[in-house]
Amino acid sequence: MEVKDPVCKMTIEDTDAVATSEYKGSTYYFCSKPCKESFEKSPEKYLEEKEVEKKPEPSESDKAAGGKRLDLPITGMSCASCASRIQDTLASLDGVSEASVNFAAERATVVYDPLKVSVDDFLKTIKDLGYGATVAKQILPIKGMTCASCVSRVQKALSSLDGVLSASVNFATEKATVEYIPTQVGIREFKKAVKDAGYDIVSVERGEDIVEKEKREREAHYQKLKTKVITGALLTLPLFVLVYWDKLGLSSLIEIPRQTNFLIQLILETPVQFWIGWQFYTGAIAAARHRTTNMNTLIAVGTSAAYIYSVIATFFPSLFEIKGYSAEVYFDTAAAIIVLILLGRLLEARAKGHTSEAIKKLIGLQAKTARVIRNGKEVDIPVEEVEIGDIVIVRPGEKIPVDGIIKEGYSSVDESMITGESIPVEKKPGDTVIGATINKTGSFKFEATKVGRDTMLAQIINMVQEAQGSKPPIARLADKIASYFVPAVMGIATITFIIWYFFGPAPAFTYAILNFIAVLIIACPCALGLATPTSIMVGTGKGAENGILIRSGEALETAHKINAIVFDKTGTLTKGEPSVTDIIAQESVSEKDVVFYAASAEKGSEHPLGEAIVKKASEMEIELKDPESFQAVPGHGIKAVVAGKNVLLGNAALMEDESIKLNGLKEKADELAVQGKTPMFVTLDGKAIGIISVADTLKEGSVEAVRQLHNLGIEVVMLTGDNRRTGEAIARQVGIDRVLAEVLPEDKAKEVKKLQAEGKVVAMVGDGINDAPALAQADVGIAIGTGTDVAMEAADITLIKGDLKGVVTAIALSKATLRNIKQNLFWAFAYNITLIPIAAGVLFPFFGILLSPIFAAAAMGMSSVTVVTNALRLRRFKVA
């Protein structure tokens, strides 16, 4: 049934709705997630509008000027002046004839000339003003694509729709990724455009799992292909026996007249041609309706030529009998071509199934049920029904169903499936848990904080799917060539036929038709179409298995060119939290005494340095006492009374103010400061008893990661807001080449820009919100998964574990994937460039060699299988 999205007013089928929401006993349907979110913020605003908002037609003057109308949902407006500002700026753009912004409806309406200004210009203008525009992204499973030229056609059909910002179609995954404006276009228009192009979008019923449906359809397609290949082989084998009846000596047993032999071959081959090979005809006819050609056209024309020639030779043999040559039939050729090509597609479908194994593994990690407390009782429910705020119970050995925060209980959790880290992580109340990880020892209760598509696993799956559906620049070149490929092959085949017919030896027509068929059959745009996406699929999947999420194929391609890496210091190279590094005690006291008084004085302190000292005391198993009095001295330290003794803990300035003699400790403190540490003096009743130094310590693996990056010939740069002395001290420990110190958060992106101006391909590694602009500016942004969501959103690559060795692995994986893509493209091009001329007969004048169409079909099938198999070698990629 047709329903209307209450936000954007788009009419959609209820089964095509992306999301639904219940409000006052009614169900509302939405074409996109942003529309649902807008509705749930203020439903009354949208339900007040009784009349469906009708789109005003452009004025006659606009039509005459080629005016096009666009509705854009705007986010971030807080008052009418915001709307006025956006409206005035949009109206000032060259090519815009009319612009109006409705603050209440949060929508901009623009009438413009698409030859002068584009939707991208509007989005950039709105973003530059500090607002946002609602842009949706959807992955659409496509049915019916058979080669790279199909990809081009579907992509053009989707891109041509008003409101579609970008469309990328991946032949290997058989998916289209579409970015669009939900108020302008939706699933209904996508389905129509794809159907008009001769293909279909896999649709699902409400509540049905798209992944499961797609899997079922793939399996059904595979089984159907398998049935056709087996049946075709059983019909084709007798054809070969009939062709070689005399040579096999079977005529001595049963004499079959020549005409009867041909008729039996016709009866056997006809079902192969028109049942087993029917998909080639439907594909070719659909392409012809759109005045284009594809792989199906080549096969249909080639096998039909062989079939029709053979039928005529069967019933009217005299037409081809010249100078003693009797007419031959090629039913075996047509049948063998169809069966071999389907066999190639069967093997290809099987191999392509392996390329998406990473996604299957991730989806397989999801828990099916959850045990929650409802109305004071424990109940088991499907994981899809868990809601935010539910208290979920997890027992030993069970999968954690969704993301959340532990409220009660202790345990250790195996997070290896998400982070790649094999050692279980200890969990206590207040710690976060991730859905799909496995609880090992204790039982606990946790509050669900993220469910459904918002869980970390769902986001990882979505990110991997988007990366697998994206295209690096190298793939766009292959797609462009593939789009011209089939017409070019048709042209070469026609020229081949003409040359052989007019200049070839007798029987000229037979030679002409066989070579015409061979050229059509041997050409393989499939290999070109599969060369890049299969490698990207396996590469991104392998990354996900190792805790490296690669957002796009472009990032994967660019990563291998990196020659400079910028690391943010705090939280990236270092742990991001201070810890005690040195304890120096005077001869009269022990290290334990120094820590006891300092930590007792700081007990209950919320200052990071104080917390670090208290934590050290806990590690040393020192029992602390509550301070009898406590006074903070801003910028200097603290004064306290512990166990009846006056304690000072602070810097040199505090010691000077209190006239404390340091007795040689000052020199030791200076040495620690040169190493980038913060020394604090400890005194007891006016006498200095020691120093405790605190620093943000290096993460494990930082030194090794930098060493490996140097081995790859990459310059390593550290970016820090700290003073140069502290920055250089850390850089010396790690072995970093260049330090950019005292950099303000807002200037980080500028520093990356400066490096790019030096001609470097720069990667930025960061974890905080203030790193997001620099991550976006860099050629490749790499976010630490233990950091903020904002940083991960701005990055091209996310390291889930937070281990910097993942940076090295990501670059190594990029190099391996690009090498694999280049190998695939080389074989695809070399195959076509070498074998098409041979099929046309260029070797015949010199060596008398002609390529049989049967061998051409076998070679064509194997070329696709070779490319996919080569891509699967990436599954053997080992982490350095």
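This is a conversation about reading salt bridges, aromatic pairs, surface patches and backbone angles in a predicted model.

Trainee: Let's start with charges. How many salt bridges does the structure hold?

Mentor: There are 18 salt bridges. Keep in mind that the model is predicted. The general idea is that a side-chain nitrogen of Lys or Arg has to sit within 4 Å of a carboxyl oxygen of Asp or Glu. Take Lys195 and Asp200: their closest N and O atoms are 3.5 Å apart, so the pair counts as a salt bridge.

Trainee: And is Lys195 buried or exposed?

Mentor: Lys195 is exposed, with a relative accessible area of 55%. Its partner Asp200 is partly exposed, at 32%.

Trainee: Which parts of the chain does the salt bridge of Lys748 and Asp568 link?

Mentor: First the contact: the side chains of Lys748 and Asp568 meet at 3.0 Å, N to O. That pair links distant parts of the chain, with Lys748 in helix α27 (residues 748–757) and Asp568 in strand β23 (residues 564–568), 180 residues apart. Both Lys748 and Asp568 are buried.

Trainee: What about a salt bridge within helix α27? Where do Glu751 and Lys754 lie?

Mentor: They both lie in helix α27, 3 residues apart, which is about one turn of the helix. The closest N and O atoms of Glu751 and Lys754 are 3.6 Å apart, and they form a salt bridge. Glu751 has a relative accessible area of 16%, so it is buried. Elsewhere, salt bridges can share partners: Glu715, Arg738, Glu758 and Lys760 are joined into one network that way.

Trainee: Now rings. What describes a pair of aromatic rings?

Mentor: You want the distance of the centres and the angle of the planes. This structure holds 18 aromatic pairs. In one of them, Tyr511 and Phe844, the centres are 5.9 Å apart and the planes are at 50 degrees, so the pair is tilted. The two rings come from distant parts of the chain: Tyr511 is in helix α17 (residues 508–522) and Phe844 in helix α31 (residues 844–847), 333 residues apart. Tyr511 counts as partly exposed at 25% relative accessibility, and Phe844 is partly exposed at 24%.

Trainee: Why is the pair of Phe596 and Tyr597 edge-to-face?

Mentor: Look at the angle. The planes of Phe596 and Tyr597 are at 75 degrees, with the ring centres 4.9 Å apart, so the pair is edge-to-face; the cut-off for that label is over 60 degrees. Phe596 is buried, with a relative accessible area of 15%, and Tyr597 is buried as well, at 13%.

Trainee: Which residues form one aromatic cluster?

Mentor: Phe274, Trp278, Tyr281, Tyr307 and Phe331 do.

Trainee: Let's move to the surface. Which residues form the nonpolar patch?

Mentor: Ile495, Ile498, Ile499, Tyr501, Phe502 and Phe503 make up that patch, and together they have about 670 Å² of accessible area. Pick out Phe503 to get your bearings: it is found in helix α16 (residues 473–503). At 68% relative accessibility, Phe503 counts as exposed.

Trainee: And which residues form a positive surface patch?

Mentor: Lys815, Arg819, Arg873, Arg876 and Lys878 form one. Lys878 lies in the segment after α32 (853–872), and Lys878 counts as exposed at 66% relative accessibility.

Trainee: Now the opposite case. Which residues of helix α26 are buried?

Mentor: In helix α26 (residues 724–734), the buried residues are Thr726, Gly727, Ala729, Ile730, Ala731 and Val734. Next, check what comes after the helix: α26 is followed by Gly735, whose phi is positive, near 90 degrees.

Trainee: Where do I find a positive phi in a residue other than glycine?

Mentor: Try Ala643, with phi near 55 degrees. Ala643 lies in the loop between β26 (637–642) and β27 (645–650), and Ala643 is partly exposed, with a relative accessible area of 39%. Asp685 also has a positive phi, near 50 degrees.

Trainee: What is the place of Asp685?

Mentor: You'll find Asp685 in the loop between β28 (678–684) and β29 (687–698). With a relative accessible area of 46%, Asp685 is partly exposed.

Note on methods: Residues are numbered from 1 along each chain as its sequence is written. This is a predicted model: local features need pLDDT of at least 70, side-chain atom pairs count only at pLDDT 80 or more; totals for chains, interfaces and linings use all residues. Side-chain values use heavy atoms; hydrogens and water are left out. Buried means under 20% relative accessible area, exposed over 50%, partly exposed in between (1.4 Å probe, protein chains only). Helices (H or I, at least four residues) and strands (E, at least two) are DSSP runs, numbered from the N terminus. Patches are made of residues with over 30% relative accessible area and no salt bridge: like charges are joined within 9 Å, nonpolar side chains (Val, Leu, Ile, Met, Phe, Trp, Tyr) within 5 Å. Accessible areas come from the Shrake-Rupley method with a 1.4 Å probe; for residues, only the protein chains shown count as cover. Lys and Arg count as positive and Asp and Glu as negative; His and the chain ends are not counted. The place of a charge is taken as NZ of Lys, CZ of Arg, CG of Asp or CD of Glu. Rings of Phe, Tyr and Trp (its six-membered ring) pair if their centres lie within 6.5 Å; planes under 30 degrees apart count as stacked, over 60 as edge-to-face and the rest as tilted.
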